[in-house]
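Trainee: Could you walk me through this structure, one question at a time?
Mentor: Gladly, let's look together.

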Amino acid sequence: MFFHSTRGKDHDKSFASILMQGLAEDGGLFMPDYWPQVDLEEVKSKKSFLEVAKCVVPLFTGSSFSKQETIDILDSAWHDFEHKDLIKITDLNSVSVLELFHGPTAAFKDFGLQLAAAFFNKVLEEENKTAIVLGATSGDTGSAAIDACKNYKRITSFIMLPNGNMSAVQRRQMSTINADNVFALRINGTFDDCQDLVKLAFKTRDFLKPNQYLLAVNSINWTRIIGQICYYFYTYNQLNTKGKLSFSIPTGNFGNVFACYSAHKMGLPVNKICVAVNKNDILHRFFTENDYSKKMVHDTLSPSMDISVASNFERLVYDFFLERSGEQCADMFNHFPNSPIVLSDAVWQKKDSLFSSSKVEDLNTKQIINKIYKSYGYVLDPHTAVAADEAFKKSNTDNHFIILATAHPAKFPKVYEELQIKLSSLPKGLHDLEKKKEYLHTFNANYNDIKDFIKLNN
Ligand SMILES: *Cc1c(COP(=O)(O)O)cnc(C)c1O
């Protein structure tokens, strides 16, 4: 299996090269050359998440690793989960909640980032090199990246966080790590400022040592998507339903939705994918009005979904709507966001065969949390709540809905104080977080200062 860019210029790339490169040189995102097919009967017969993952991950890694090498990596890739099989599924009437927050940072991003980190380390060991991980985070990516990489001594992580809307728990998950290969950089600016600094750093690369990689951990990295594809097949393995499955997914950068779409292309029987967003509604505007145009970001109760553009959406446009025309995709995305993406009506209509979308604002999010708590005694986190409404409205015996529960509610304690809901459990990774010392390095949004800091600590 080799990979190519959605914008048509980069192709014949191996798994290891796209793992280490992140974004393609032409600005596009990497895609597998074809959709490998998963044997559903085999998936059904497996006894654990890890066994299911072993049916999926090797389909993408063959250009760089033998099947046995991949399986050896998988055996140690996911660690420190609190639930014995990583994921718990809770049924609330006819809806299933796929709890993806039992990893060490209490959000689903542990699945993709722990897998990526394990492969990063394998490549670095083989080539005897080191790497810098550089990323910006508005919520959960940073803590998952830091946690996934901190035990690999060849990797030093620098994560920029804005003085923004993330919860104090989310910030402390990053700032209280006391390790000499981890640095949390607080930037006096917005998330967009942080992303601009990361982009500039990737362009100039003037702080790297010889033989050192600069690694991207944002959700465009294909290996993160692979890690997420695994749990869609695991859902199939666990649920004894005959018909197709529908998923309602709290969405920001579209990585989780694209993983679901990928699983579908690989053979998973999917009926509908509901793209659930908060007030930051670029995707909802696309699915309801054919208008994909960048607008200002609003702060919401679900900060990990506060985005102005959804990076992985380019993959869907390329594969699903443009049927893999790199030329057309480049035409559109080379001019975005200056010109919005608008598809021809006939092409856009295709969405109805697989997708729907919903938009839930903060007031409604709180009402949904309350309602589900009152009905079932079950507490949804604010991100998951955004996706819950649609699922409960549409689920029935012929159309089984699964809500992706992307974070543990304890990451957002203020919301529950206000709603007077007492959280009964605290994940291990969040214990004593307020008591720990914070190691935050504060900077203005000035590239040279940050570059000097990275050089000094590299
Ligand atoms: C990152 C994140 C999302 C959004 O996921 P995407 O793959 O970017 O769409 C939703 N909920 C939580 C809790 C997250 O951390």
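Trainee: Does Gly267 count as buried, partly exposed or exposed, and why?
Mentor: Keep in mind that this is a predicted model. Buried means under 20% relative accessible area and exposed means over 50%, with partly exposed in between. Gly267 has 28% relative accessibility, so Gly267 counts as partly exposed.

Trainee: Where along the chain is Gly267 placed, and what separation do its C-alpha atom and that of Pro36 have?
Mentor: Gly267 sits in the loop between α11 (255-265) and β10 (270-277). Pro36 is 231 residues away from Gly267 along the chain. In space, the separation of their C-alpha atoms is 8.7 Å.

Trainee: Now Thr90: is this residue buried or exposed, and why?
Mentor: Thr90 belongs to strand β3, which spans residues 88-92. The cut-off for buried is under 20% relative accessible area. With 14% relative accessibility, Thr90 therefore counts as buried.

Trainee: Which side chain does the side chain of Thr90 join in a polar contact?
Mentor: Stay with Thr90 in strand β3. Its side chain takes part in a polar contact of 2.7 Å, and the partner is the side chain of Glu99.

Trainee: Let's turn to the ligand. Which residues come nearest to the ligand?
Mentor: There are 15 residues around the ligand. By class, this shell divides into five nonpolar, eight polar and two charged residues. Those that come nearest are Lys109, Asp140, Gly252, Asn253 and Asn256.

Trainee: What share of the ligand's accessible area does the protein cover?
Mentor: Start with the backbone: a polar backbone atom of Gly252 is 2.7 Å from an oxygen atom of the ligand. For Asn253, a polar backbone atom is 2.8 Å from a ligand oxygen, and for Gly255 the corresponding value is 3.1 Å. On its own the ligand has 390 Å² of accessible area, and the share covered by the protein is 97%.

Trainee: Which helix gives the largest share of the lining of the second largest pocket?
Mentor: This pocket holds about 320 Å³ of space. Both α8 (168-175) and α18 (413-419) supply at least two residues of its lining. The largest share is five residues, and they come from α18.

Trainee: How many nonpolar, polar and charged residues line the second largest pocket?
Mentor: The lining has 15 residues, with Ser167, Ala168, Phe412, Lys414 and Val415 nearest the pocket's centre. Sorted by class, the lining comes to eight nonpolar, three polar and four charged residues.

Technical notes
Residues numbered from 1 in each chain as written. Predicted model: local features only at pLDDT ≥ 70, side-chain atom pairs only at ≥ 80, totals over all residues. Heavy atoms only, no water. 1 Å grid on protein atoms, 1.4 Å probe; cavity = no way out; pocket = protein on both sides within 12 Å on 5 of 7 lines; lining within 4 Å. Points joined across faces, edges and corners; volume = space filled by probe spheres on them. Helix = DSSP H or I, 4+ residues; strand = E, 2+ residues; numbered from the N terminus. Nonpolar A, V, L, I, M, F, W, Y, C, P; charged D, E, K, R; others polar. Near = heavy atom within 4 Å. Polar contact = N/O pair within 3.5 Å; in protein donor to acceptor, adjacent residues only side chain to side chain. Areas by Shrake-Rupley, 256 points an atom, 1.4 Å probe, with all protein chains shown as cover. Buried < 20%, exposed > 50% of the residue type's maximum accessible area, 1.4 Å probe, protein only.
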